[in-house]
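Got your viewer open? Let's take a walk through this one together, a stop at a time.

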Amino acid sequence: MRRYLYPCALAIVLVTWCIAMQVTGSWHLFQEHWQMSATMVLGSFVAGSTPAGGGAVAFPVFTKLLAIRSTDAALFGLMIQSVGMTMASLFIISRRIPFYGIVYRWAATGGCIAVIPAVLLLQIPAPFPKLLFSCLIFAFGMVLYWLQSVSSIRRKSAHYPGQPVLTARQRLHLLVTGMAGGLLASQLGSGADMLVFIVMIVALDLIPKTAIPTTVLTMATVSVVGFLTKLVVHPQEIGIVWHYWAVSVPVVAVGAPLGAFVLSRLPQRIVLRWVLALIVAEVSSTLLVIDLTPGRILFIIATLAIASLWIWFLVLCRKNRSPAQPAAPGVFAIDN
């Protein structure tokens with residue numbers, strides 16, 4: 001039955017979406033907002049195949065190319081990932097693609113705890129969300145570059161073949177990392193997936209191709225909780241973002257699972273290079289588009305300094321990592 005989980009969910013989503021579009025007479029939205037659908041062709045594929053969610057494409061494109069407010073772009077990221085990354089998660093489960101269940105549980109719990117109040121109470125003034133996003137993805141890119149540079153040297157490294165045994169401190173670290181990711185997701189539409197991936201790779205020395213599906217499930221959960229929080233408490237603030245979301249739903253429902261499928265077939269080095277290319281493009285666009293005043297430069301330096309200290313701390317944690325145990329059976333198993 002599990003193999004039919006994604007096809008059934010896809011059928012339900014598409015049929016429901018078609019009925020809603022017909023009843024509300026919203027087909028004209030494609031003509032008005034086709035840029036959103038086109039953006040999410042790439043964004044949904046990135047969401048399912050990399051440790052960066054669909055918001056990692058939508059946020060910079062929306063805020064820099066389409067001049068959409070950062071708050072709307074972040075909310076759209078949560079809303080569209082609630083569909084795309086959830087569908088990708090169902091695809092991962094239905095195809096028994098391995099992921100780290102214990103990491104997901106702790107990181108997603110932290111993300112959900114933080115994203116609820118952050119969506120309602122926190123708002124970073126422009127253009128600092130754009131700068132924060134670029135700093136985050138730059139630090140993320142440095143970790144990926146390091147991972148790519150050492151992969152050729154450590155092809156037979158001590159990457160854990162099964163579910164890791166996490167100490168109480170490591171579980172707390174994942175919980176706090178998830179909380180930080182939830183705060184970022186509320187302002188940027190993504191972030192929890194990237195932070196959790198960094199911890200899994202740098203501190204826990206886990207397998208990247210198995211870590212990526214774990215980040216997909218984590219970001220899907222945080223996105224759903226963040227979106228539902230906004231929908232229940234302040235639905236009137238969603239506004240035109242509903243239109244962006246409506247024209248993107250069928251794209252991400254197929255694109256994100258397709259990305260997850262391609263990930264399961266591609267070599268790790270290809271995936272890493274693909275993500276690094278996107279990161280270079282995003283950071284370069286920030287330097288070209290945003291006027292870097294002294295205050296903004298100071299913000300960038302401070303943010304990167306904090307990120308560097310955190311990554312250095314993770315490197316120290318790596319030296320004291322706990323041993324792995326054999327993979328547990330079932331959907332959380334890691335296939336050797």
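Before we start, one term: two residues are in contact when heavy atoms of theirs lie within 4.5 Å. Keep in mind, too, that you're looking at a predicted model. Now zoom out to the whole chain. Among contacts with a separation of 6 or more, 86% join residues 24 or more positions apart.

Switch to a cartoon view. You'll find 14 helices and zero strands. Next, turn on the surface: the accessible area is about 14800 Å², and 71% of that belongs to carbon and sulfur atoms. Of the 336 residues, 53% count as buried.

**Stop one: the core.** Hide the surface and head inside. Which residues have the most contacts inside the largest nonpolar core? Select Phe 62, Phe 76, Val 103, Phe 140, Leu 144 and Phe 197; the core they belong to has 92 residues. Colour helix α5 (residues 70–94) as well, since this helix gives the most to the core, with 13 residues. In soluble globular proteins, nonpolar side chains tend to be buried together.

Now centre on Leu 144. Skip its neighbours within four places in sequence, and you'll see Leu 144 in contact with Phe 197, Leu 272, Val 275, Leu 276 and Ile 279.

**Stop two: the aromatic rings.** The whole structure holds 12 aromatic pairs. Start with Phe 59 and Phe 133: the ring centres are 5.3 Å apart and the planes sit at 35°, so this pair is tilted. Phe 59 is in helix α4 (residues 55–65) and Phe 133 in helix α7 (residues 128–151), so to speak a link between distant parts of the chain, 74 residues apart. Both Phe 59 and Phe 133 are buried.

Move on to Phe 227 and Trp 242. Here the centres are 6.0 Å apart with the planes at 65°, which makes the pair edge-to-face. Phe 227 lies in helix α10 (residues 208–233) and Trp 242 in helix α11 (residues 241–246), 15 residues apart in sequence. Buried or exposed? Phe 227 is buried, at 9% relative accessible area, while Trp 242 is partly exposed, at 30%.

Before leaving the rings, select Trp 17, Trp 27 and Phe 30, which form one aromatic cluster.

**Last stop: the outside.** Bring the surface back and select Leu 309, Trp 312, Phe 313 and Leu 316. These residues make a nonpolar surface patch of about 430 Å². Leu 309 sits in helix α14 (residues 294–319). Why does Leu 309 count as exposed? Its relative accessibility is 57%, and the cut-off for exposed is over 50%.

How values were computed: Residues are numbered from 1 along each chain as its sequence is written. This is a predicted model: local features need pLDDT of at least 70, side-chain atom pairs count only at pLDDT 80 or more; totals for chains, interfaces and linings use all residues. Side-chain values use heavy atoms; hydrogens and water are left out. A nonpolar core is a set of buried Ala, Val, Leu, Ile, Met, Phe, Trp, Tyr and Cys residues joined through side-chain atoms within 4.5 Å. Buried means under 20% relative accessible area, exposed over 50%, partly exposed in between (1.4 Å probe, protein chains only). Helices (H or I, at least four residues) and strands (E, at least two) are DSSP runs, numbered from the N terminus. Patches are made of residues with over 30% relative accessible area and no salt bridge: like charges are joined within 9 Å, nonpolar side chains (Val, Leu, Ile, Met, Phe, Trp, Tyr) within 5 Å. Accessible areas come from the Shrake-Rupley method with a 1.4 Å probe; for residues, only the protein chains shown count as cover. A salt bridge is a side-chain nitrogen of Lys or Arg within 4 Å of a carboxyl oxygen of Asp or Glu. Rings of Phe, Tyr and Trp (its six-membered ring) pair if their centres lie within 6.5 Å; planes under 30 degrees apart count as stacked, over 60 as edge-to-face and the rest as tilted.
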